[in-house]
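Trainee: I would like a close look at one part of this model, the packing of its interior. Please start from the center of that packing and work through the elements around it.

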Amino acid sequence: MAPRLVTVCDERVELVGEVAPGESWAAAAARIAAPLGAAPVAEDLSGDTLAFVVDPDQRIDLRAMARGDLPLLGRWLAAAHVRRWWHTGGEPTPDRVAATYGPRIDGITPTRMWVVEVNGRSIGFVQDYRIRDHPAFALLTPDPDAIGLDYAIGEPEWAGRGLGARILWTWMVGAARRFLDAEEFFAAPDHRNAASLRILDKVGFTRGTWFDEPTRAGSVATVVGCRLDVRRVLGGAHRAEPGPAPGGP
């Protein structure tokens with residue numbers, strides 16, 4: 001098999017190289033990007049060429065969600081573009097949002113919540129969890145030991161601006177260091193959510209089995225299981241290869 005070609009671009013230059021035998025995609029990008037002096041993030045890993053970008057003017061951070069973020073989370077969950085795909089089981093009232101997400105913020109449940117910040121502005125969120133800690137969902141998925149994630153850009157004016165892949169890459173780098181034994185990440189967007197599926201494609205996930213997932217509202221959503229090979233994309237168990245996480249958790 002021919003080596004995978006890698007490009008790393010900033011506003012001035014495009015650097016080109018190849019993934020060395022046994023090297024992760026992230027490690028190859030970091031090696032190629034070394035002359036630029038900044039950590040590369042995925043731009044599009046779905047094609048024959050693995051495209052990364054360096055953008056020093058755009059900083060993406062994921063910080064742990066706090067109770068003080070619940071009103072903001074409620075506003076995001078109420079936004080039409082989020083509610084279309086995010087099944088909350090009813091109106092995201094302050095009481096319902098606090099009852100559902102407060103225990104996650106407090107560390108009572110296995111799910112963890114993260115606020116996405118772009119240049120210091122909070123624009124969305126990510127939640128992650130070990131799939132086996134949610135037994136009903138684990139029965140539907142191929143690898144109970146995988147790390148599951150869900151995500152949304154809550155601010156309407158920030159949706160559709162090409163940030164999705166960069167946000168997920170930031171989460172991936174941080175999650176790989178928090179879950180050192182994880183071999184796989186897993187997401188399951190609605191099969192009609194073309195934008196979310198495309199974002200996952202762009203950061204190295206592969207689409208797999210469709211399955212029906214019960215929602216809190218009592219309905220069923222047909223979703224697409226998308227899997228990421230952590231070792232191939234991000235590196236081995238020591239997770240040292242991708243370089244400093246750009247504000248990752």
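How many residues does the largest nonpolar core have, and which of them have the most contacts inside it?

Mentor: The model is a predicted one, in which local features need pLDDT of at least 70 and side-chain atom pairs count only at pLDDT 80 or more, while totals for chains, interfaces and linings use all residues. Residues are numbered from 1 along each chain as its sequence is written, and side-chain values use heavy atoms, with hydrogens and water left out.

The largest nonpolar core has 53 residues, and F52, W169, M172, F185, F205 and L234 have the most contacts inside it. A nonpolar core here is a set of buried Ala, Val, Leu, Ile, Met, Phe, Trp, Tyr and Cys residues joined through side-chain atoms within 4.5 Å. Buried means under 20% relative accessible area, exposed over 50%, and partly exposed in between, with a 1.4 Å probe and protein chains only. Helix α6 gives the most to this core, with nine residues. Apart from this core lies another one, of 15 residues, among them L77, V82, Y101 and M113. In soluble globular proteins, nonpolar side chains tend to be buried together.

Take the elements around F185 next. β9 (184-187) and β11 pair in the antiparallel sense over four bridges, and F185 stands opposite L228 in β11. Strands count as paired if DSSP finds at least two bridges between them. β11 is also joined to β10 by seven bridges, again antiparallel, with F211 opposite V223 in β11.

These strands meet helix α7 (residues 194-202), in which S196, L197, L200 and D201 are buried. Seen down the axis of α7, the buried residues fall within an arc of 145°, so they line one face of the helix; the arc is that of the directions from the helix axis to the C-beta atoms. A194 and A195, on the other side of α7, are exposed. The buried residues of α7 pack against β8, α6 (164-178), β9, β10 (206-214) and β11 (220-229), where contact means heavy atoms within 4.5 Å. Just after α7, G204 takes a positive phi of about 105°.

β8 (residues 147-153) leads on to β7, to which seven antiparallel bridges join it. Y129 stands opposite G148 in β8. Nine of the ten residues of β7 (residues 121-130) are buried, so this strand is largely enclosed by the rest of the structure. Strand β6 (residues 112-118) is also joined to β7 by seven bridges, and the two run antiparallel; E117 has S122 as its bridge partner in β7. The hairpin of β6 and β7 has two residues between the strands, and N119, in the loop there, has a positive phi of about 50° although it is not a glycine.

β6 and β7 also receive helix α2 (residues 70-78), in which L70, L73, G74, W76 and L77 are buried. These residues cover an arc of only 160° around the axis, which puts them on the same side of α2. An α-helix has 3.6 residues a turn, so residues three or four places apart point the same way. The buried residues of α2 pack against α3 (80-83), α4 (94-106), β6 and β7. L77, one of these buried residues, is among the members of the 15-residue core.

A138, in helix α5 (residues 135-138), is a further point to check. A138 counts as buried, at 12% relative accessibility, and touches I131, R132 and P144, not counting residues up to four places away in sequence. The C-alpha atoms of A138 and G148 are separated by 9.9 Å, the two residues being ten apart along the chain.

For the setting, the chain has eight helices and eleven strands, taken as DSSP runs (H or I, at least four residues; E, at least two) numbered from the N terminus. The radius of gyration is 18 Å, close to the 18 Å that the globule rule gives for 249 residues, so the chain is as compact as a globular protein of that length; the radius is taken over C-alpha atoms, and the rule is 2.2 Å times the number of residues to the power 0.38. Buried residues make up 49% of the 249 residues. Of the contacts between residues at least 6 apart in sequence, 61% join residues at least 24 apart.
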